[in-house]
Amino acid sequence: MPASASSNFPADLIGRLSSVDGGAKIKALREVKNQIIGNRTKKVYYIKLGLVPSVVSVLSTASDSDSDLLIQAAAVVGSFSCGVEAGVEAVLSAGALPHLLRLLSSPDEKVVDACARALRMIYRSKRAPKYDFLQGQNMSFLLSLLNSDNENVTGLGASITSHSCQTSAEQKALYDAGVVKKLVSLLQGSLSQRDASLESLAILIKNNHEVISKFVGPESGSALSSVIELTKDKNARTRLLACMCLIVIRNGSLCYLEDVGIRNTLVTVLLGLFDDPGQVGDEAFFALASLISDNEDLQKVAFEAGAVDKLRVHLQRNPSHARRLQGILVALAELGSKLESCRSNILSLQVLKSVTDALTHESTEVRAAACICLRSVSRSVKNLSAGSFTDEMIVVPLVQLLHDHSTCVQVAALGAISNIVVDFSVRKSTFMRCGGLKQLVQLAKSMDSTVRLNTAWALRNLVFLADSKRKDMIYSELGAFTFVNLICDHEPSVQEHALALVRNLVDGSIHHVEYAFAEDGVIFQAVGKQLQSALNSEVWIQGMYVLSNLASGAEVHKESVLEILLQQPGKGTQSPLLKFLRSNDSRLRTVTVWAIINLTFPSSPGAFGRVVRLRGASIFSQLKTMVNDPCLDVKLRVRTALGQYLTFVDDSA
């Protein structure tokens, strides 16, 4: 085509689409369709040139008798909507949806078919409008689609269901209206109907125990067996969707699908689907991860079926598609989340090198998945410490990810760091040398509570069993007021980990205890404030561990701790000490008795005075009621505390 003709080509197309000559319009529509089918670049080009409104205009102005024109216009609208979000947005903005829906009532079956295909493309996008199925007319419309004799129309009904069903109330309403029953009947239909129905069924029963119970029960007939049978279908996508539907059933109600044969079948089918080079293969990795998530028995089944080895092979092929790489990493993370033998196998197969390489991948999702995988594998202290990889290969890229623009990557990196720095003095040094501590200080001030939580967790583990030199560095870098801000955070989970951080910081010598009393004791005061005001037992437990550690310090520290524990917030209220001794949580009772033991240790010069004050506050009377506490730890500590008390009573006598 000459340059002048090429430059006028889009304008010429738009002109012909506006022509009064129906034949010219059809020819123009076919030209557009032939150029954009399977060509994303051309689609985006024509969208930017404003071609979509002209196509939709043809759809809206054509006579119902202009079947060829309507069919071609609907086909072009569907093509623009296929796989390009900008195309869906352009189609919706041009007002195509109501015209396509209206034409589903056309007497011409081919027009109905073309419009249903276009609508299915639109409803694959998150941008498509959702139907409220609690409104009667919407439910009636959906049932009319599902009851159609046209397979594309029934497929559209299934697609709208998958796209729009969001709440448990809608799930129940759809089941009660007979939608699930209709979808089950479509499992016996064409390939397109089977796949669309399986997708919709998974959405309709997800996380809804009541609907799942009905689906697997006798009132649904052979619904469950039909889905199980489809795991053997010759079509790979059908097998995947059947597996995903069964996984939803199992995860939503653990009393179902416990049969060993079904579990083995699911694992075997999914492992076989790994080899599919397309989207089915990509999604199979995520499906396996969902199946074995938080289930040690299923992880063992997958491990024994050779899942780790298969994942290693696919990982070392350096998949170019980010979605596939993410799925492999997520599946590895789940496999290594509980089984020590599985973690050992992952490391022995030298998967770790590929995982650490993924930390620098261009995809946000892949970087986050690599961090999650590292966190899972690093739960094995023995294997990670004995690994053949240098600290820099793991720690340095993780520290760099603390600067990542994505919050989800930062959180995932913090999770991995929390495991890797615990009890490894070499890695603690590497982490701090690489600037990790400085970045944690910045992240502790984040506006995102999830980031603050995971930062406090990482700091907690960094301080754990650290020597005095490193504790000094950490305290100096953070500063007392950063500790205070974390302790007084509005999120209880952040408070809990901040107090655990202080607990680890002050554990050890009197020098360590002094951290809490520096800067006019702001950290100590913050701890006391939380014990008085918090409503969360986890916060109380960590706060009491802090005070128990402080109570092992010098006399001035012990006296300060006693003041806080005996302080009554108001008239007629209990002191924290008495309240915690009467708690239903045995962990809280245990650490509270530990604090009393440290406060009344017989060799402490001021112990007798503190015993007198504790007796006056009815603490020892309370302890006497706990000598047969149902928790063995509490019972033993109570007897130790009362034994120390009797030492002073005997001496005074």
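Axes here are lines fitted to C-alpha atoms, for helices over the stretch in contact, and angles run from 0 to 180 degrees between N-to-C directions. The structure on display is a predicted model.

**First stop: H14 and H17**

Select helix H14, residues 191–205, together with helix H17, residues 236–252; their axes lie 9 Å apart and form an angle of about 20 degrees. Angles under 35 degrees count as roughly parallel, which makes H14 roughly parallel to H17. The crossing of H14 past H17 is left-handed.

Next, show side chains at the contact. On H14, select Leu 191, Arg 194, Asp 195, Leu 198, Glu 199, Leu 201, Ala 202 and Ile 205; opposite them on H17 are Arg 237, Thr 238, Leu 241, Ala 242, Cys 245, Val 248 and Ile 249. Coloured by class, the residues of this contact of H14 with H17 comprise ten nonpolar, one polar and four charged.

**Second stop: the second largest pocket**

Centre the view on Val 180, Lys 181, Val 184, Glu 219 and Ser 220, which lie nearest the centre of the second largest pocket, among the 13 residues that line it. This pocket holds about 180 Å³ of space. Helices H12 (168–176), H13 (179–186) and H16 (223–229) each contribute at least two residues to its lining. H13 gives the most, with three residues. By class, the lining of the second largest pocket has four nonpolar, six polar and three charged residues.

**Third stop: H22 and its partners**

Move to helix H22, residues 322–335, and add helix H19, residues 279–292; the two pack at about 20 degrees, with their axes 8 Å apart. H19 and H22 are therefore roughly parallel to each other. H19 passes H22 in a left-handed crossing. For the contact, select Gly 281, Asp 282, Glu 283, Phe 285, Phe 286, Ala 289 and Ile 292 of H19, then Arg 323, Arg 324, Gln 326, Gly 327, Ile 328, Val 330, Ala 331, Glu 334 and Leu 335 of H22. The residues in this contact of H19 with H22 are eight nonpolar, three polar and five charged.

Keep H22 in view and add helix H21, residues 307–315, whose axis is 10 Å from that of H22 at an angle of about 150 degrees. H21 and H22 are therefore roughly antiparallel to each other. Their crossing is left-handed. Here Ala 307, Val 308, Leu 311, His 314 and Leu 315 of H21 make the contact with Arg 324, Leu 325, Ile 328, Leu 329, Ala 331, Leu 332 and Leu 335 of H22. The contact of H21 with H22 divides into ten nonpolar residues, one polar and one charged.

Conventions. Residues numbered from 1 in each chain as written. Predicted model: local features only at pLDDT ≥ 70, side-chain atom pairs only at ≥ 80, totals over all residues. Heavy atoms only, no water. Helix = DSSP H or I, 4+ residues; strand = E, 2+ residues; numbered from the N terminus. Parallel < 35°, antiparallel > 145°, perpendicular 65-115°, else oblique. Left-handed = near helix turned anticlockwise from the far one by under 90°. Contact = heavy atoms within 4.5 Å. Nonpolar A, V, L, I, M, F, W, Y, C, P; charged D, E, K, R; others polar. 1 Å grid on protein atoms, 1.4 Å probe; cavity = no way out; pocket = protein on both sides within 12 Å on 5 of 7 lines; lining within 4 Å. Points joined across faces, edges and corners; volume = space filled by probe spheres on them.
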